[in-house]
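Dear colleague,

I am passing on the structure we spoke about, together with some notes on its backbone and packing. Please look through it alongside the text that follows.

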Amino acid sequence: MGGSSAEREVSLSSGRECAAALRVAGYDVIEIELDADRGDDIIARLAGARPDVVFNALHGRWGEDGCVQGILEWMGLPYTHSGVLASAMAMDKIVAKRIFREAGLPVVESVIADATEVRSRHVLKPPYVVKPYNEGSSVGIYIVHEVANGPPQLSDAMPARVMVETYVPGRELTVAVLGDRALAVTDIITDGWYDYDAKYKEGGSRHVIPAEIPEEIAAACLDYAVRAHQALGCHGLTRSDFRWDDTRGLDGLVLLEVNTQPGMTPTSLAPEQAAHNGVDFPALMRWMVEDALCRS
């Protein structure tokens, strides 16, 4: 847990929650907290711990994008969540969208552009969204509304190249997939955009589970989430995020992305959906450990 990505604090929170639940489930747990500067000798620390299974509670770059997965593969250590290729493809939003489109899943128009160009002109017709193409947890999100007078003034912290995609109005829906089973549809209620604070701060959002939406939309969300999980070649637990413009029916449902390492904090969505299906947090941890062992 920890690491150097923009989601370090979320990872630390997830890691602590998972470690506590793993102990309740009966496991001996060693917590390895990686430094923010990537100065850890992760191989030596893992070799010293000699784990039967690595529970990966890292989020964002280096921990969720195939990098640490490659180290674990090289060391021959079983680990939770998805493998190298699926993790890398899911984190690269352009590659993931291409795969989703080829699988017949609904996605919006998007382009990759230089951040300097995005600051100087509208690269898509407003409204649109600007985001890093390889981060998660709504890190670095800019919404450019239809009435915007000019292009967004991105912060210097944004990467040199960003993704710009058509904005979809409406409701924020999400579905967790455990193995090959979609768990539920959650409707995420916020006062505005479902940003970093809305995801991780107490009271930042309200989760309605199961979502109070038409049966056709709920069924499509469950189906699309499993198909997206499978199209990327994911394993273990994932979470697929959607936007739904309820004025357009099924045509208004769009798949945004698949999170291969969903948050495991007290406000996180995937554990809520597991609990909704009768799987409490320690049982969820046990399933993920056993899944990792079986795949090894």
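**Helix 9 and its surroundings**

Directly after helix 9 comes Gly-278, a residue with a positive phi, near 85°. Before going further, please keep in mind that this is a predicted model. Helix 9 covers residues 269-276, and its buried residues are Leu-269, Ala-270, Pro-271, Gln-273 and Ala-274. These buried residues pack against four strands and a helix, namely strand 5 (171-178), strand 7 (186-189), strand 8, strand 9 (237-244) and helix 10 (281-295).

**Strand 5 and its partners**

Strand 5, one of the elements against which the buried residues of helix 9 pack, is itself largely enclosed by the rest of the structure, because seven of its eight residues are buried. The cut-off behind that statement is a relative accessible area under 20%.

Strand 5 pairs with strand 9 in the antiparallel sense, through eight bridges, and within this pairing Arg-171 is found opposite Trp-244 of strand 9. Strand 5 also runs antiparallel to strand 7, to which three bridges join it; here Glu-172 has Ile-188 of strand 7 standing opposite. A further antiparallel pairing, over two bridges, links strand 5 to strand 6, which consists of residues 181-182, and in it Val-177 has Ala-182 as its bridge partner. Strand 5 and strand 6 form a hairpin with two residues between the strands, and Gly-179 in this hairpin has a positive phi near 70°.

**Helix 4 against helix 5**

How do the axes of helix 4 and helix 5 cross, and at roughly what angle? The axes of helix 4 (residues 84-91) and helix 5 (residues 93-102) come within 5 Å, and the crossing angle is roughly 100°. Since angles of 65 to 115 degrees count as roughly perpendicular, helix 4 is therefore roughly perpendicular to helix 5. On the side of helix 4 the contact is made by Met-89, Ala-90 and Met-91, and on the side of helix 5 by Lys-93, Val-95, Ala-96 and Ile-99. By character, the residues of this contact divide into six nonpolar and one charged, with no polar residue taking part.

**Backbone points to check**

Most residues other than glycine have a negative phi, and most peptide bonds are trans, so the following places may deserve your attention when you go through the backbone.

Two peptide bonds that precede a proline are cis. In the bond from Pro-126 to Pro-127 omega is near 5°, and Pro-127 belongs to the loop that lies between helix 6 (115-120) and strand 2 (128-132). In the bond from Ile-209 to Pro-210 omega is near -5°, and Pro-210 is placed in the loop between strand 8 (206-208) and helix 8 (215-232).

Where do Arg-50 and Trp-62 lie? Arg-50 is in the loop between helix 2 (42-49) and helix 3 (67-75), and Trp-62 is likewise in the loop between helix 2 and helix 3. Arg-50 is a residue other than glycine with a positive phi, near 50°, and Arg-50 is exposed, because its relative accessible area is 72%, whereas exposed means over 50%. Trp-62, also not a glycine, has a positive phi of about 75°; with a relative accessible area of 32%, Trp-62 is partly exposed.

With best regards

Methods
Residues are numbered from 1 along each chain as its sequence is written. This is a predicted model: local features need pLDDT of at least 70, side-chain atom pairs count only at pLDDT 80 or more; totals for chains, interfaces and linings use all residues. Side-chain values use heavy atoms; hydrogens and water are left out. Buried means under 20% relative accessible area, exposed over 50%, partly exposed in between (1.4 Å probe, protein chains only). Contact means heavy atoms within 4.5 Å. Two strands pair if DSSP finds at least two bridges between them. Axes are lines fitted to C-alpha atoms, for helices over the stretch in contact, and angles run from 0 to 180 degrees between N-to-C directions. Angles under 35 degrees count as roughly parallel, over 145 as roughly antiparallel, 65 to 115 as roughly perpendicular and the rest as oblique. Ala, Val, Leu, Ile, Met, Phe, Trp, Tyr, Cys and Pro count as nonpolar, Asp, Glu, Lys and Arg as charged, and the others, Gly among them, as polar.
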